[in-house]
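Please explain how this protein chain is put together. Go through some of its helix packings, salt bridges and single residues in plain terms.

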Amino acid sequence: MTEERELLRDTVRGLVAKHAGPKAVREAIASDRGYDESLWKLLCDQVGAAALLVPEELGGAGGDLIDAATVLAELARGLVPSPLLGSTLAEFALLASDDVDADTLARLAEGSAIGAVVFDAGYVVNGDVADVVVGVGGGRLTRWTTFTSERLTTMDPTRRLGRVTPTSTAPLGADPGVADIAAILVAAEQIGAAERCFELTVEYSKQRVQFGRPIGSFQALKHRMADLFVKLAAARAVVDDALAEPSSTAAALARFTASEAFNATTAEAVQMHGGIAITWEHDIQLYFKRAHGSAQLLGSPRHHLRRLEQEVISN
């Protein structure tokens with residue numbers, strides 16, 4: 001990781017630590033828009049979080065996919081509800097259009113507009129709060145110029161989804177592979193959240209005492225946590241490769257690997273924390289819900305595994 005990205009990561013981590021603790025996350029979940037609007041403004045103004053993929057000449061920061069993934073992973077570590085994923089994908093789609101809408105991109109980059117990309121109109125990230133909506137289908141991109149939306153009740157309260165219905169649309173151009181970019185960014189989120197969940201579990205194992213000893217000192221738990229560490233390290237390597245060289249194969253592999261690692265981590269976290277893990281007051285239940293919600297978002301692990309199988313067969 002470059003010094004600039006380390007600074008970006010540390011800045012976001014600092015903002016999350018200061019403004020998005022467990023109480024603040026729960027307040028954001030319960031808010032009308034599903035995220036902390038003051039924190040969103042800080043992320044946009046101080047970090048340029050929503051401007052990372054937008055070129056400087058269009059009002060952005062001129063960053064790349066790894067920069068966007070760095071911020072998304074940090075937000076996911078704290079399970080911070082945020083419209084960043086949807087807006088970032090909308091920017092990527094709009095930048096690929098035949099006639100780039102500079103004004104809309106500038107509004108998305110400054111965070112004054114919220115974006116969403118529709119792969120399935122029934123479950124859209126940012127769907128209930130989006131101002132800018134792009135549809136993806138049949139190898140083409142479409143701007144949904146007017147639309148209606150409604151909030152959906154989901155298992156994972158830290159990620160709001162909505163149902164969006166278009167009333168008028170306009171063609172934008174060919175799809176450059178927005179679904180693959182979405183898959184890679186979600187995988188980066190999954191790794192960020194999984195690593196933090198693992199850290200919390202290790203910390204708890206050092207504090208929880210049974211039979212006069214911290215439970216982390218028992219060999220059986222040491223082995224389980226060592227296995228998780230290896231699984232997470234391997235998954236991070238796969239996701240890092242996908243970020244460095246995006247492709248359909250890399251995206252499917254990243255999503256499958258990250259989903260498996262995140263699910264395994266949260267399952268072990270629940271077991272090692274015991275009954276406290278499933279109480280509303282404790283964060284582990286939120287990580288568990290995020291893991292299972294994210295695994296089904298934009299295609300289940302089985303879906304991505306089938307994509308990889310088909311590529312192996314065809315080659």
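**A walk through the model**

Arg236 is partly exposed, with 31% relative accessible area; the label buried means under 20%, exposed means over 50%, and partly exposed lies in between, using a 1.4 Å probe and protein chains only. This is a predicted model, in which local features need pLDDT of at least 70 and side-chain atom pairs count only at pLDDT 80 or more, while totals for chains, interfaces and linings use all residues. Residues are numbered from 1 along each chain as its sequence is written, and side-chain values use heavy atoms, with hydrogens and water left out.

Arg236 has a partner, Asp240, and their side chains form a salt bridge with an N to O distance of 3.6 Å. A salt bridge here is a side-chain nitrogen of Lys or Arg within 4 Å of a carboxyl oxygen of Asp or Glu. Both residues, Asp240 and Arg236, belong to helix α8 (residues 219-244), where they sit 4 residues apart, about one turn of the helix. Helices (H or I, at least four residues) and strands (E, at least two) are DSSP runs, numbered from the N terminus. Asp240 is partly exposed as well, at 35% relative accessibility.

The whole structure holds 20 salt bridges. Another of them joins Arg77 to Glu74, with the closest N and O atoms 3.9 Å apart. These two residues, Arg77 and Glu74, are 3 residues apart in helix α4 (residues 65-77), so about one helical turn separates them. Arg77 is buried, because its relative accessible area is 12%. Glu74 is buried too, with a value of 6%. The pair does not stand alone: Arg13, Glu74, Arg77, Arg196, Glu199 and Glu203 are linked in a network of salt bridges.

Next comes the packing of α4 against another helix. The axes of helix α1 (residues 3-19) and α4 come within 9 Å and cross at roughly 25 degrees. Such axes are lines fitted to C-alpha atoms, for helices over the stretch in contact, and the angles run from 0 to 180 degrees between N-to-C directions. The crossing angle therefore makes α1 roughly parallel to α4, given that angles under 35 degrees count as roughly parallel, over 145 as roughly antiparallel, 65 to 115 as roughly perpendicular and the rest as oblique. The crossing of α1 and α4 is right-handed; a crossing is right-handed if the near helix is turned clockwise from the far one by less than a right angle, and left-handed if anticlockwise.

Which residues of α1 and α4 make the contact? From α1 they are Arg5, Leu8, Arg9, Val12, Arg13 and Val16, and from α4 they are Ile66, Asp67, Thr70, Val71, Glu74, Leu75 and Arg77. Contact means heavy atoms within 4.5 Å. By class, this contact of α1 with α4 has 6 nonpolar, 1 polar and 6 charged residues. Here Ala, Val, Leu, Ile, Met, Phe, Trp, Tyr, Cys and Pro count as nonpolar, Asp, Glu, Lys and Arg as charged, and the others, Gly among them, as polar.

A second packing involves helix α5 (residues 84-95) and helix α7 (residues 178-207), whose axes are 10 Å apart at an angle of about 150 degrees. The helices α5 and α7 are therefore roughly antiparallel to each other. Their crossing, that of α5 and α7, is right-handed. On the α5 side the contact is made by Leu85, Thr88, Leu89, Phe92 and Ala93, and on the α7 side by Val178, Ile181, Ala182, Leu185, Val186 and Glu189. The contact of α5 with α7 divides into 9 nonpolar, 1 polar and 1 charged residues.

Glu189 also appears around Arg290, a residue of helix α10. Leaving aside neighbours within four places in sequence, Arg290 is in contact with Ala76, Leu79, Asp156, Thr158, Arg159, Glu189 and Phe262. With Asp156, Arg290 forms a salt bridge of 3.1 Å, N to O. This pair links distant parts of the chain, 134 residues apart: Arg290 is in α10 (residues 284-296), and Asp156 is in the loop between β4 (140-151) and β5 (161-174). Arg290 and Asp156 are both buried.

Last come two residues with unusual backbone angles. Most residues other than glycine have a negative phi. Asn126 has a positive phi, near 70 degrees, and lies in the loop between β2 (124-125) and β3 (132-137). Leu298 has a positive phi of about 60 degrees and is found in the loop between α10 and α11 (301-314). Is each one buried or exposed? Asn126 counts as buried, at 5% relative accessibility, whereas Leu298 is partly exposed, at 29%.
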